[in-house]
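Q: Hey, got a minute to walk through this one with me? I'll pull it up now.

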Amino acid sequence: MNNSNKRYAAWWLRMAAIYLVAGVALGNFMGATHDFSLRSVHAHINLLGWASMLGFGLVVQHLADTLSARLVAIQFWLHQVALPVMLSALAALMRGNPAVEPLIGLGSATVGVAVLCFATNVWRGTGVKLRAA
């Protein structure tokens, strides 16, 4: 059993819970103030934060023995660093600061690389399971 991957799976699930709380809090704030200018931030918190991290955690937990621990770690840290940068810059853009667009691009590209790490790892890990079946 790959304990490193199991630890990362637990951290993915913990971070998903944090993003769920943040997404719900932002949604409640927008509803209470009738200011929906941050709706794209809200959507990205829920999709790239809550939903994606929940999925990553469950997949890594399920496939822990066949996934590359190195790719799991790289994906985790790229995503954890890039997503807050992207979300903060997106919020600033939605509030009228166009100078942050390069940060959105950098954050988005880095999240994209993290997702490619995940897809590569899952492809390889499930190939191991298919060959063993």
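Q: What phi does His34 take just after H1?
A: His34 takes a positive phi of about 55° there. Helices here are DSSP runs of H or I, at least four residues, numbered from the N terminus. Bear in mind that this is a predicted model: local features need pLDDT of at least 70, side-chain atom pairs count only at pLDDT 80 or more, and totals for chains, interfaces and linings use all residues. Residues are numbered from 1 along each chain as its sequence is written, and side-chain values use heavy atoms, with hydrogens and water left out.

Q: And what happens at the start of H1?
A: A side-chain oxygen of Asn2 comes to within 3.1 Å of the backbone nitrogen of Ser4.

Q: How far does H1 reach?
A: H1 covers residues 3-33, and its first and last C-alpha are 45 Å apart, close to the 45 Å expected at 1.5 Å a residue. That expected span is 1.5 Å times one less than the number of residues.

Q: Which helices do the buried residues of H1 pack against?
A: They pack against H2 (39-62) and H3 (69-94). Among those buried residues are Tyr8, Trp12, Met15 and Tyr19. Buried means under 20% relative accessible area, with exposed over 50% and partly exposed in between, using a 1.4 Å probe and protein chains only.

Q: Switching to the loop between H2 and H3: is Thr66 buried or exposed?
A: Thr66 counts as buried because its relative accessibility is 18%.

Q: What does Thr66 touch?
A: Leaving out residues up to four places away in sequence, Thr66 touches Gly125, Val128 and Lys129, where contact means heavy atoms within 4.5 Å. The Thr66 side chain also reaches the backbone oxygen of Gly125 at 3.3 Å.

Q: How far apart are the C-alpha atoms of Thr66 and Thr126?
A: They are separated by 7.4 Å, though the two residues sit 60 residues apart along the chain.

Terms used:
Helices (H or I, at least four residues) and strands (E, at least two) are DSSP runs, numbered from the N terminus. A polar contact is a pair of N or O atoms within 3.5 Å; within protein, one must be able to donate a hydrogen and the other to accept it, and residues adjacent in sequence count only if both atoms are side-chain atoms.
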